[in-house]
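This report goes through selected local features of one model, residue by residue and then helix against helix. Please keep the sequence and the coordinates at hand while reading.

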Amino acid sequence: MSRIQPLKRTSTLALRQRKAHLLRSFELSPHLLHASLVERFLKCGKANCHCQSGGSKHGPFFYLNRCFAKGQMQSLLLKSADQIDQARQSVAAYAQALQVLDQISQINHELLRRGEVLVVAPA
C-alpha cells in the first residue's frame, strides 16, 4: 500500500482537492497486466552439461506469472525481447494504477471517518 501524508492532520478541503486532482489526472492504460514478471536461470536435463556440475545455469528465461483462486498459477514463457518489454511496461502500469486507486481509497476512508459524504453535488 502506498503511503501519503498523515490524513488525520489534513483539512477536509485539502483532502477533497487531492482526490479531485487524482481523479482528473488518472488515466487508465489499456495495457494493464496483473501479473509478476520473473527472471529465471535453470538447469537442463542433459547429464553432461556444465549446469549439472555446478557451472552457470541456462538463461535468463522470463516468465509472466498470474495467480488465481485456490492457489492456481498460470505461467507464460516470454520468448522475445519485445514481449519482455511489453510485459514489464504492462505490469508497471498496473502497479501505478493500483497506487493511485489506493490513495483515493485512503482519502475516502478518512472522509467517511470524519462523517463527510464522499460525493459532493456540483454547485
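Lys70 lies in the loop between strand β2 and strand β3, the latter covering residues 73–78. In this predicted model, Lys70 adopts a positive phi of about 60°, although this residue is not a glycine. The relative accessibility of Lys70 is 81%, and because exposed means over 50%, Lys70 counts as exposed.

Strand β2 itself, which spans residues 58–67, contains Asn65. In contrast to the loop residue just described, Asn65 has a relative accessibility of 14% and therefore counts as buried, the cut-off for that label being under 20%. Leaving aside residues up to four places away in sequence, Asn65 touches Ala35, Ser36 and Val38, and also Met73, Gln74 and Ser75. With Ser75, the side chain of Asn65 forms a polar contact of 2.6 Å.

Strand β2 also holds Pro60. The peptide bond that joins Gly59 and Pro60 is cis, with omega at about 10°, a point to keep in mind when the backbone torsions of the model are inspected.

The loop between β1 and β2 offers two further residues for description. Ser56 has its place in this loop, with β1 covering residues 36–42, and Gly45 is found in the loop between β1 and β2 as well. Ser56 counts as exposed at 52% relative accessibility, and Gly45 counts as exposed at 79%. When residues up to four places away in sequence are not counted, Ser56 touches His50 and Cys51.

Separations between C-alpha atoms give a further view of Ser56, and the table sets them beside a pair that involves Gln17.

| Pair | Separation in sequence | C-alpha to C-alpha distance |
|---|---|---|
| Ser56 and Lys43 | 13 residues | 8.6 Å |
| Gly45 and Ser56 | 11 residues | 14 Å |
| Gln17 and Ala93 | 76 residues | 24 Å |

Gln17, named in the last row, is placed in helix α1. With a relative accessible area of 48%, Gln17 is partly exposed.

How do helix α1 and helix α2 lie relative to each other, and at what angle do their axes cross? Two packed helices are described by the angle between their axes and the distance between the axes. Here the axes of α1, residues 12–25, and α2, residues 81–113, come within 10 Å and cross at roughly 155°. Since angles over 145 degrees count as roughly antiparallel, α1 and α2 are therefore roughly antiparallel to each other. The handedness of the crossing of α1 and α2 is left-handed.

On the side of α1, the residues that meet α2 are Thr12, Leu15, Arg16, Arg18, Lys19, Leu22 and Leu23, and their counterparts in α2 are Val100, Gln103, Ile104, Ile107, Asn108, Glu110 and Leu111. Sorted by side-chain character, the residues of this contact of α1 with α2 comprise 7 nonpolar, 3 polar and 4 charged.

Taken together, the description of β2 rests on buried Asn65 and on the cis peptide bond between Gly59 and Pro60, while that of the loop between β2 and β3 rests on Lys70 with its positive phi. For the pair of helices, the description rests on a left-handed crossing of α1 and α2 at roughly 155°.

How values were computed
Residues are numbered from 1 along each chain as its sequence is written. This is a predicted model: local features need pLDDT of at least 70, side-chain atom pairs count only at pLDDT 80 or more; totals for chains, interfaces and linings use all residues. Side-chain values use heavy atoms; hydrogens and water are left out. Helices (H or I, at least four residues) and strands (E, at least two) are DSSP runs, numbered from the N terminus. Buried means under 20% relative accessible area, exposed over 50%, partly exposed in between (1.4 Å probe, protein chains only). A polar contact is a pair of N or O atoms within 3.5 Å; within protein, one must be able to donate a hydrogen and the other to accept it, and residues adjacent in sequence count only if both atoms are side-chain atoms. Contact means heavy atoms within 4.5 Å. Axes are lines fitted to C-alpha atoms, for helices over the stretch in contact, and angles run from 0 to 180 degrees between N-to-C directions. Angles under 35 degrees count as roughly parallel, over 145 as roughly antiparallel, 65 to 115 as roughly perpendicular and the rest as oblique. A crossing is left-handed if the near helix is turned anticlockwise from the far one by less than a right angle, and right-handed if clockwise. Ala, Val, Leu, Ile, Met, Phe, Trp, Tyr, Cys and Pro count as nonpolar, Asp, Glu, Lys and Arg as charged, and the others, Gly among them, as polar.
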